[in-house]
Structure formats: structure tokens, C-alpha cells
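Hi,

Here is the model I promised to pass on. Have a look at it first, and my notes follow underneath.

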Amino acid sequence: MGKLKVGHPIRNREKPAVDVALAFGGTRLLSDLIGVDASTVSRWCTSAERGGTGGRIPQRHWPGILKAAQARGLTGVDVHLLAGIDNE
């Protein structure tokens, strides 16, 4: 496996959004892959108290994330992860 390109550090840590962003190498890399602004992905990782979504990723973005994950062989990024469901 090649070296992972690291983007900006993720300051906020709301799950499951932070786990998804980390799987892709950061918020900027994920945002580039799915065609949204990096601030959108950062907002997903931010608590609701701070103006974010509290870790929830809007379902309208799930197809693009799943397609990008499949193209990169990220088998851990699936609908269970996006929904925050423990799949163990």
C-alpha cells in the first residue's frame, strides 16, 4: 500500500464523521473526492453545540462517499459506518 497523503488535522472529533474523514486521509481529501467544500466536511465533524452536525453526515452525501470508498478499496467505509452503527 502506498503512503497515505495527509491533509489538514481534524480538530473536532464527532463520530462517525471523523472516522469517515480519517479513512480518506482528512477532511480536505474527502471533500475533494465528493465535490463539496472542506468546510462542509469539517462541519460534520463539529459538535452541534459549536454549529456542526454532531458527527452526522447528511444522507444525500452517502452515495458519493460510498462510491469514493469503493474506488479506493476502503472496505471499512460502509453504510454502517456512515450511520454510526457499530458493525462488530
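Let me start at a turning point in the chain: just after helix 1, Gly25 has a positive phi of about 100 degrees. Something similar comes up after helix 2, where Gly35 also has a positive phi, near 75 degrees. By helix I mean a DSSP run of H or I with at least four residues, numbered from the N terminus (strands would be E runs of at least two).

Before the rest, some housekeeping. This is a predicted model, in which local features need pLDDT of at least 70 and side-chain atom pairs count only at pLDDT 80 or more, while totals for chains, interfaces and linings use all residues. Residues are numbered from 1 along each chain as its sequence is written, and side-chain values use heavy atoms, with hydrogens and water left out.

On confidence: pLDDT is the predictor's own confidence in each residue, on a scale from 0 to 100. The protein chain averages 88, and 84% of the residues score at least 70. Residues 1-6 are the part to be careful with, as pLDDT is below 50 there, and this stretch has 5 contacts in the model beyond near neighbours in sequence. A contact here is a pair with heavy atoms within 4.5 Å.

Now the overall picture. The protein chain has 5 helices and 0 strands, giving the pattern α-α-α-α-α along the sequence. Of its 88 residues, 40% are buried, where buried is under 20% relative accessible area, exposed is over 50% and partly exposed is in between (1.4 Å probe, protein chains only). Among contacts with a separation of 6 or more, 43% are between residues 24 or more positions apart.

What does helix 1 pack against? Its buried residues are Ala17, Val18, Val20, Ala21 and Phe24. They fall within an arc of 160 degrees seen down the helix axis, so they line one face of the helix (the arc is taken from the directions from the helix axis to the C-beta atoms). That set packs against helix 2, helix 3, helix 4 and helix 5.

This ties in with the largest nonpolar core, meaning a set of buried Ala, Val, Leu, Ile, Met, Phe, Trp, Tyr and Cys residues joined through side-chain atoms within 4.5 Å. The core has 19 residues, and Val20, Phe24, Leu30, Trp44, Ile57 and Ile65 touch the most other members. Helices 1, 2, 3, 4 and 5 (79-83) each supply at least two residues of this core, and helix 1 gives the most, with 5. Val20 is a good one to click on: leaving out residues up to four places away in sequence, Val20 touches Leu30, Ile57, Ile65, Leu81 and Leu82.

In helix 2 (residues 27-34), the buried residues are Thr27, Leu29, Leu30, Ser31 and Ile34, and their cover includes helix 1 (17-24), helix 3 (38-44) and helix 4 (62-71). Ser31 has a relative accessible area of 1%. Apart from neighbours within four places in sequence, Ser31 contacts Val36, Asp37, Ala38 and Val41.

Finally, the charges. There is 1 salt bridge in the structure, using the cut-off of a Lys or Arg side-chain nitrogen within 4 Å of an Asp or Glu carboxyl oxygen. It joins Asp19 and Lys15, with the closest N and O atoms 3.0 Å apart. Asp19 is partly exposed, at 26% relative accessibility, whereas Lys15 is exposed, at 55%.

Cheers
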